[in-house]
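The following exercises concern a single protein chain and are to be worked with the sequence and the structure in view. Each task is followed by a solution in steps.

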Amino acid sequence: MKNSKDKISNTFLVISVSPGANEIAASPNPQIKVTFTQSIDSASINNISFSVFGERTAYHSGGYEIIDSGFAILFNTLNDFNAGEKVKVTLSSKIISSIGDSLKSFSWTFRIPTNPTSLNFTEPIVYSGGGEGMQCIDMNNDGYPDIVTSSGIIRINNGNGEFPTYWYLDDAADFYPIIVDDFNRDGYMDVFYGGTGGLTLGLGNGAGNFSKSYYPWWFFDYISDDFDSDGYPDIAGINGLSINPPFDSTSYCAIAYNDGLGQLIDTVWITQLTGKFQKISSCDVENDGDNDILIISHRAPINGSGLDGLAVFRNNDDGVFNEYQLYQSDIYFSFFLPKFIYTADFNNDGLTDIGIIGDGGGAIKLNTGNGFFGDGSDTTFIREIWGPESAAPLTGGDFNGNNWIDLAVSGYGFPFDPFAPKQYAVLNNNSSYFFNIFRDTIGTNSSLIYSTAAADLNNNGFLDLVHAGNGVYITRNVEIVPSVDYDLKLLNKFILYQNFPNPFNSQTELIFKINKTGIMQISIYNIIGEEVRSLESKELFSGNYKIVWDGKDNSGANLSSGVYLIQANFLGLSKTIKTIILK
């Protein structure tokens, strides 16, 4: 493994950072401050040793100011951040103290705030492109997120959230991820993707031209991050099982380190496990300043052995992954075959949590405070979330501007119908509990979606959604700015949330909110409109309510599997949602 450290000090450390780890910043362009245990050598501070990366706006140039007798640094960006984006700050061991010690490297992320709004997404705008992977990031340094797809089409934002022009990678192989980073740190974004000549790294010039290098098929899924904290992004990836005899049931994870010139050194193995690795992600699970690796795995299809669940590999110091924890689906989740993962601080405690979607379900695993995640029976640290009928990609962001990270799930069919139009949903985060408050269709049943991302495409402060698969579908979050208690401001307004779980077997919870005293009536109907159960019919005061339906009719008999309608009537207004009983 490449190691650029000469004299790593146990005493030259980061004491504090602002904005804090996983915090939503107070302003759209926050000042970044870092305080150290020793005074620093100002000559060691530059955009490599102290890098600021926005997931939508790429690397930021800015001004560095040494304060507090040399014990702290202030950074002010020269370019605007994008509303709602994650910002990652990496402090490498190339930062030197005034007595010659190298910093114990440190990185952390925070988020840019969004404007308050009520969710109202437009009909999809469709562009060609798509494929297995997609990333929204500024490719031409104009401050607007572009759309990079594994089909090879890179859609260029015209500044209004429209994408009339594109660049093209003519050797892209479609059904592999594509990732974007500045691998040689020259200020222009580069691409790493599966191409017809193998894994391909294209060094960009900011104008659509890429100088390409080719590598073996080390990985089928991969991410970029600075795993050895030298200021240059590396590639971590996973490879799965052999499809030819003798049908090996072992998958592996490895890192290809950057040589500092934008080229990759041969892979260094991190681990191997029995099972079929599916997806890889990275985050700092224990807030120690190191980038850890998360892997979703299925049991090996040949013999059914290995991990079905999540593996967390801890980076104990600059690229050394000698600790891991396994979270089996049957113990830690309420579903099997996890497929998609998203990491964020969902309960605003400063720690990174994990959102996972699998077949028929989803869960939020809250960080217990030490980088571990509780089992499925620990309701303090797990949130079951509404799950689509089949595994669907998810992303996150503060869609309504209330300083809680919401989730969006895209590209699923409803109900269990492969010919139904594909849908997406936004799950509102209400103090770390999630409610399905928006759902709409993307397009026809042929609108297959493999990835989704949240980005402010026209820099108006609101998060839009980009869905990619057999095309690129953009749904814009239009500007309806709420007043205080906007959702209950109108007279006699009430909110009926989607029941959870849905589908369900034995019971499901129904949550609603009313803004004044009145008679609430809730009834269950079968698909032909016959009332089968009266759940509620009484006067209620203003507030939030939760009731449980046990899946039985008015006589106490269990209802059969199928689609049912839940209808709520309050002060002359009526709302209806669908639910499914699945035996």
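**Exercise 1.** Leaving aside its neighbours within four places in sequence, which residues is Ser 432 in contact with?

*Solution.* The model is predicted: local features need pLDDT of at least 70, side-chain atom pairs count only at pLDDT 80 or more, and totals for chains, interfaces and linings use all residues. Residues are numbered from 1 along each chain as its sequence is written, and side-chain values use heavy atoms, with hydrogens and water left out.

Step 1. Locate the residue: Ser 432 belongs to the loop between strand 32 (422-430) and strand 33 (433-441). Helices (H or I, at least four residues) and strands (E, at least two) are DSSP runs, numbered from the N terminus.

Step 2. Apply the contact criterion, heavy atoms within 4.5 Å. With the neighbours within four places in sequence set aside, the partners of Ser 432 are Phe 346, Asn 347, Arg 383 and Trp 404.

Step 3. Consider accessibility. Ser 432 has a relative accessible area of 4% and is buried (buried means under 20% relative accessible area, exposed over 50%, partly exposed in between, with a 1.4 Å probe and protein chains only).

**Exercise 2.** Determine which parts of the chain are tied together by the salt bridge of Lys 33 with Asp 68.

*Solution.* Step 1. State the criterion: a salt bridge is a side-chain nitrogen of Lys or Arg within 4 Å of a carboxyl oxygen of Asp or Glu. By this rule the model has 12 salt bridges.

Step 2. In the pair Lys 33 and Asp 68, the closest N and O atoms are 3.7 Å apart. Lys 33 is in strand 2 (residues 32-36), while Asp 68 is in the loop between strand 5 (62-67) and strand 6 (72-77), so the bridge ties together parts 35 residues apart in sequence.

Step 3. Lys 33 is partly exposed at 30% relative accessible area, and Asp 68 is partly exposed at 45%.

**Exercise 3.** Describe the salt bridge between Lys 212 and Asp 171 and the network to which these residues belong.

*Solution.* Step 1. The closest N and O atoms of Lys 212 and Asp 171 are 3.1 Å apart. Lys 212 lies in strand 17 (residues 210-215) and Asp 171 in the loop between strand 13 (165-168) and strand 14 (178-181); the pair therefore ties together parts 41 residues apart in sequence.

Step 2. Lys 212 is partly exposed, at 27% relative accessibility, whereas Asp 171 is buried, at 7%.

Step 3. A network of salt bridges links Asp 170, Asp 171 and Lys 212.

**Exercise 4.** What is the strand order of the open sheet of four strands, and which strands stand at the edges?

*Solution.* Step 1. The order is 9-36-35-34, with antiparallel pairing. Two strands pair if DSSP finds at least two bridges between them.

Step 2. Strand 9 (125-127) and strand 34 (449-455) are at the edges; each has a single partner strand, so one side of each is left without a neighbour in the sheet.

Step 3. Strand 35 (residues 464-469) and strand 36 (residues 472-475) pair in the antiparallel sense over four bridges. Within this pairing, Ala 468 stands opposite Val 472 in strand 36.

**Exercise 5.** How many helices and strands does the protein chain have, and what percentage of its residues count as buried?

*Solution.* Step 1. The secondary structure comprises two helices and 43 strands.

Step 2. Of the 583 residues of the protein chain, 59% count as buried.
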